[in-house]
Amino acid sequence: MSSATTTPASSLPIVADLHTHTSRSDGSCAPGEVIRAAAALGLSAVAITDHDTIAGLSPARLEAERLGLILVPGVELTVHWRGREFHLLAYGFREEDPGLNAMLDGLAQARVERLRTIVANLEHRHGVVVEFEAVRAGYPRAALGRGHLADHLVTQGVVTSRRDAFDRFLGDDQLDLPRPSLDLEQAIHTVRQAGGFTALAHPPRDLDDSQWVQWRDLGMEAVETRWPAADRNTRVKMGRLARRLGFEIVAGSDFHHPGRAGRHVGAVGLGPGEWERLRDRLRGATIDASATVESIPSEFVPRADSSRFVSSATANLDLN
Ligand code: AMP
Ligand code: FE
Ligand code: FE
Ligand code: ZN
């Protein structure tokens, strides 16, 4: 990958990576390792944004405090909107918020049920017998997904690689099982209710302004404008869209595994001015979240408007 696709449009140094995964979802590094990688690069801040779980935040915070790095609380939610799946990044929420946790618990349960169904189908359709509890026991602290089952199948000698597992058994075409996801509107409101804000992750190319305006009106406040697979045109286009429609900007590496070119921690992220601006937003977002406020100096005036979004966290939870 050329350097042009791994540096921000501004060419300023990257000081904050707002999109990373750990072994609590489908990444391969422990939360503390991600923090250490960010600290080694001299970043000011890193967000852990595991898929559908915030389990990595506590262990990451311990390491962030030790190394003097700001940990931005995050999560990457699987959501749907008019029959289409998107990834919605959420930041700066109160981690103990009951509504947020109920929503995440519902997703975790749906993930487990889906994986049970996949395991049952493996036996019925392919004669491959897998003990579901053994898969779960192998990753006791992770939001379970097909990647974990694939790795288990490799360990069992049923397939030769993760790729082999997806090609033969676990690919979308073979499965034909919807992925658990949240209603987009519900997710936006629940995160706001928890004092945080949301950003569409790696937005597809075919969205028009009217779509974005609708989401902005639902309370989505930010957009990921740079990510590893986005070429320069896309980055510029997304930056313009954010300015035109008044979205905050986030950017990150979407780090999952070491050794992937252009996708290491800090490969993509915010420049100093962008991070300053987002940090101001985060200070408002997390005024009640003591863990985060402690790590951010507090010469600020909090936003007080998130409470007007009154949502019952689980009422419209659609786990299709
Ligand atoms: P799930 O959350 O259960 O849908 O699983 C998603 C995980 O499966 C992610 O880590 C993906 O990277 C991985 N995955 C999805 N499709 C494939 C594929 N065709 N080959 C390898 N990994 C895949
Ligand atoms: Fe992932
Ligand atoms: Fe994603
Ligand atoms: Zn991601």
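The following exercises, with worked solutions, concern a predicted model of a protein with a bound ligand.

**Exercise 1. Identify the residues that surround ligand 1, and describe their character and origin.**

Solution.
Step 1. List the shell: ligand 1 is surrounded by Asp-26, Arg-111, Arg-114, Gly-145, Arg-146, Gly-147, Arg-163, Phe-166 and Arg-179.
Step 2. Sort these residues by character: one is nonpolar, two are polar and six are charged. Glycine is counted as polar in this scheme.
Step 3. Assign the shell to helices. At least two of its residues come from each of helix H3 (98-126), helix H5 (146-155) and helix H6 (162-170).

**Exercise 2. Determine how far polar side-chain atoms of Arg-114, Arg-163 and Arg-179 lie from atoms of ligand 1.**

Solution.
Step 1. Begin with Arg-114, which has a polar side-chain atom 3.2 Å from an oxygen atom of ligand 1.
Step 2. Turn to Arg-163: an N or O atom in its side chain is 3.5 Å from a nitrogen atom of the ligand.
Step 3. Conclude with Arg-179, where a distance of 2.4 Å separates a polar side-chain atom from an oxygen atom of ligand 1.
Step 4. Consider the ligand's surface as well. Ligand 1 exposes 500 Å² when taken alone, and the protein buries 69% of that area.

**Exercise 3. Locate ligand 1 among the pockets and describe the pocket concerned.**

Solution.
Step 1. Place the ligand: ligand 1 sits in the largest pocket.
Step 2. State the volume of the largest pocket, which holds about 700 Å³ of space.
Step 3. Examine its lining. Of the 25 lining residues, Asp-26, His-51, Arg-146, Arg-179 and His-256 lie nearest the centre of the pocket.
Step 4. Classify the lining of the largest pocket: two residues are nonpolar, 11 are polar and 12 are charged.
Step 5. Trace the lining to secondary structure. Strand S3 (70-81), H3, H5 and H6 each contribute at least two residues to the lining of the largest pocket.

**Exercise 4. Find how many cavities of 30 Å³ or more the structure contains, and describe the largest cavity.**

Solution.
Step 1. Search the whole structure: one cavity of 30 Å³ or more is found.
Step 2. Give the volume of the largest cavity, which is about 60 Å³.
Step 3. Name its lining: Asp-52, Thr-78, Arg-111, Arg-114, Leu-115, Leu-144, Gly-145, Arg-146, Arg-179 and Pro-180.
Step 4. Divide that lining by character into three nonpolar, two polar and five charged residues.
Step 5. Find the main contributor: H3 provides the largest share of the cavity lining, with three residues.

**Exercise 5. Describe the relation between Arg-244 and Asp-209 in sequence and in space.**

Solution.
Step 1. Place Arg-244, which belongs to helix H10 (residues 232-245).
Step 2. Compare the separations: Arg-244 and Asp-209 are 35 residues apart in sequence, and their C-alpha atoms are 9.6 Å apart in space.
Step 3. Examine the side chains. Those of Arg-244 and Asp-209 make a polar contact at 2.8 Å, the cut-off for such a contact being 3.5 Å.

Methods: Residues are numbered from 1 along each chain as its sequence is written. Chains are lettered from A and ligands numbered from 1 in the order in which they are written. This is a predicted model: local features need pLDDT of at least 70, side-chain atom pairs count only at pLDDT 80 or more; totals for chains, interfaces and linings use all residues. Side-chain values use heavy atoms; hydrogens and water are left out. A residue is near a molecule or strand if one of its heavy atoms lies within 4 Å of it. A polar contact is a pair of N or O atoms within 3.5 Å; within protein, one must be able to donate a hydrogen and the other to accept it, and residues adjacent in sequence count only if both atoms are side-chain atoms. Accessible areas come from the Shrake-Rupley method with a 1.4 Å probe; for residues, only the protein chains shown count as cover. On a 1 Å grid over the protein atoms alone, a cavity is a set of points where a 1.4 Å probe fits but cannot get out, and a pocket is an open set with protein on both sides within 12 Å along at least five of seven lines; lining residues have an atom within 4 Å of a point. A molecule sits in a cavity or pocket if more than half of its atoms lie within 2 Å of its grid points. Helices (H or I, at least four residues) and strands (E, at least two) are DSSP runs, numbered from the N terminus. Grid points are joined across faces, edges and corners, and a volume is the space filled by probe spheres set on the points.
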